[in-house]
Amino acid sequence: MRNPLNSRRLQQFSVLARTGSFTQTARELHLTQSGISHSMKALEHEAGCRLLDRLGKKVVLTQAGEQLLQHAQKILAELAAAHDSLSALGKWSKGRLRLGANTTACQYLIPPVLREFKESFPEHTINLEPGDTPALVDALLKHRIDLALTLAAAGETQLEFHPLFTDELFFVVSAAHPWARAGRVERADIPRQSYILSSKRSVTFRLIEDYFQREQVVLNTVLEVGSMEATKELVKLGLGVCILAPWITKREIEEGALVALPLGRKKLSRRWGILQRAGRCLTLAEETFIGLCHSACGLLGQP
């Protein structure tokens, strides 16, 4: 056979095989008896062989018909399962949420959002892929994830950005640091410090590097640390200066362990948001996740 069998005819054939009657089949399917008869003739033509024998008013299957019935039942069951699975994706039921987030978002932003998300979508499977913004962009373009909570990626025309908030970066030092005691940063002293920064692959590192290049200031000694918690602990021990947004160090600042000071006269801001592939329609679950992110991030910076 060159052409696939018609699924409607297979359904009618399956009911006819069970009832053995054109009349009963027509009644169950709310069709005419002649319509069922015409469909079965068309099905036999598609199959290229006789599928039914008439014994008086009774209809029985030929050997070919018995073989086709086995396949038809499997096909119809798979079609029903596919329909149920696709229907569930658009309802408050089973589905998946494939996310990506940078390490800061994974630690500080994602947990409270997912806690609320699971209350509305308890049966959804959640996959979370951590990574720096360039890695998340790659994962989006390769369809490994559907949404990424991260910093804005410049020049990516294949992606769409849903802005959440804008924050500002500050020098963060221990309470015992001379800058903390003085309450200000001496520009000439900036190159003499040791700095604890995020990975050189990250958008934040590139923003910091570009900022100080424009200011014609060199950050000489830099230690890369991938964990915000580890960075803060090292700074509290007096092992260096980090450059972070105050919302990340809010607890430590309130406790008096760390102090945040402006980078200079000019501000250094970052844009946070949700990245997705351009033109892709969001599912109900994805729209809900973005809405929860807006609620959770609303107090962290400027929208």
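**Asp138 and Arg144.** I looked up Asp138 in this predicted model and noted it as partly exposed, because its relative accessibility is 31%. Asp138 forms a salt bridge with Arg144, and I read 3.8 Å between the closest N and O atoms of the pair. Arg144 has a relative accessible area of 39%, so I entered this residue as partly exposed too.

**Glu215 and Arg187.** I next went to the salt bridge between Glu215 and Arg187, where the closest N and O atoms lie 3.5 Å apart. This pair links distant parts of the chain, 28 residues apart: I placed Glu215 in the loop between helix H8 (203–214) and strand E9 (221–224), and Arg187 in the loop between helix H7 (178–182) and strand E8 (194–197). I then asked myself whether Glu215 is buried or exposed. Glu215 has a relative accessibility of 15%, and because the limit for buried is under 20%, I recorded Glu215 as buried. Arg187, with a relative accessible area of 45%, went into my notes as partly exposed.

**Glu286 and Arg280.** I found the side chains of Glu286 and Arg280 meeting in a salt bridge, with 3.1 Å from N to O. Glu286 counts as buried, since its relative accessibility is 3%.

**Salt bridges overall.** I noted a count of 20 salt bridges, and I also wrote down a network of them that links Glu229, Lys232, Arg251, Glu252 and Glu255.

**Trp272.** I located Trp272 in strand E12, which covers residues 269–277, and I entered Trp272 as buried because its relative accessibility is 1%. I also checked Trp272 against Leu164, which is 108 residues away along the chain, and found their C-alpha atoms separated by 5.6 Å.

**H5 against H11.** I followed helix H5 (residues 103–120) to where its axis comes within 9 Å of the axis of helix H11 (residues 284–297), and I noted a crossing angle of roughly 130°. At that angle the two helices, H5 and H11, are therefore oblique to each other, and H5 passes H11 in a right-handed crossing. From H5 I listed Leu109, Ile110, Val113, Leu114, Glu116 and Phe117 as making the contact, and from H11 I listed Ala285, Phe289, Leu292, Cys293, Ala296 and Cys297. What classes do the residues of the contact of H5 with H11 divide into? I counted 11 nonpolar residues, no polar ones and one charged.

**H1 against H2.** I turned to helix H1 (residues 7–19), which packs with H2 at an angle of about 130°, the axes being 9 Å apart. I therefore described H1 and H2 as oblique to each other, and I noted that their crossing is right-handed. The contact involves Gln12, Val15, Leu16, Arg18 and Thr19 of H1 together with Phe22, Gln24, Thr25, Glu28 and Leu29 of H2. I sorted the residues of this contact of H1 with H2 into four nonpolar, four polar and two charged.

**H2 against H3.** I ended with helix H2 (residues 22–29) and helix H3 (residues 33–47), whose axes are 8 Å apart and whose packing angle is about 105°. I entered H2 and H3 as roughly perpendicular to each other, because angles of 65 to 115 degrees count that way. On the H2 side I found Phe22, Thr23, Thr25, Ala26 and Leu29, which meet Gln33, Ile36, Ser37 and Met40 in H3. By class I noted five nonpolar, four polar and no charged residues in the contact of H2 with H3.

Conventions: Residues are numbered from 1 along each chain as its sequence is written. This is a predicted model: local features need pLDDT of at least 70, side-chain atom pairs count only at pLDDT 80 or more; totals for chains, interfaces and linings use all residues. Side-chain values use heavy atoms; hydrogens and water are left out. Helices (H or I, at least four residues) and strands (E, at least two) are DSSP runs, numbered from the N terminus. Buried means under 20% relative accessible area, exposed over 50%, partly exposed in between (1.4 Å probe, protein chains only). Axes are lines fitted to C-alpha atoms, for helices over the stretch in contact, and angles run from 0 to 180 degrees between N-to-C directions. Angles under 35 degrees count as roughly parallel, over 145 as roughly antiparallel, 65 to 115 as roughly perpendicular and the rest as oblique. A crossing is left-handed if the near helix is turned anticlockwise from the far one by less than a right angle, and right-handed if clockwise. Contact means heavy atoms within 4.5 Å. Ala, Val, Leu, Ile, Met, Phe, Trp, Tyr, Cys and Pro count as nonpolar, Asp, Glu, Lys and Arg as charged, and the others, Gly among them, as polar. A salt bridge is a side-chain nitrogen of Lys or Arg within 4 Å of a carboxyl oxygen of Asp or Glu.
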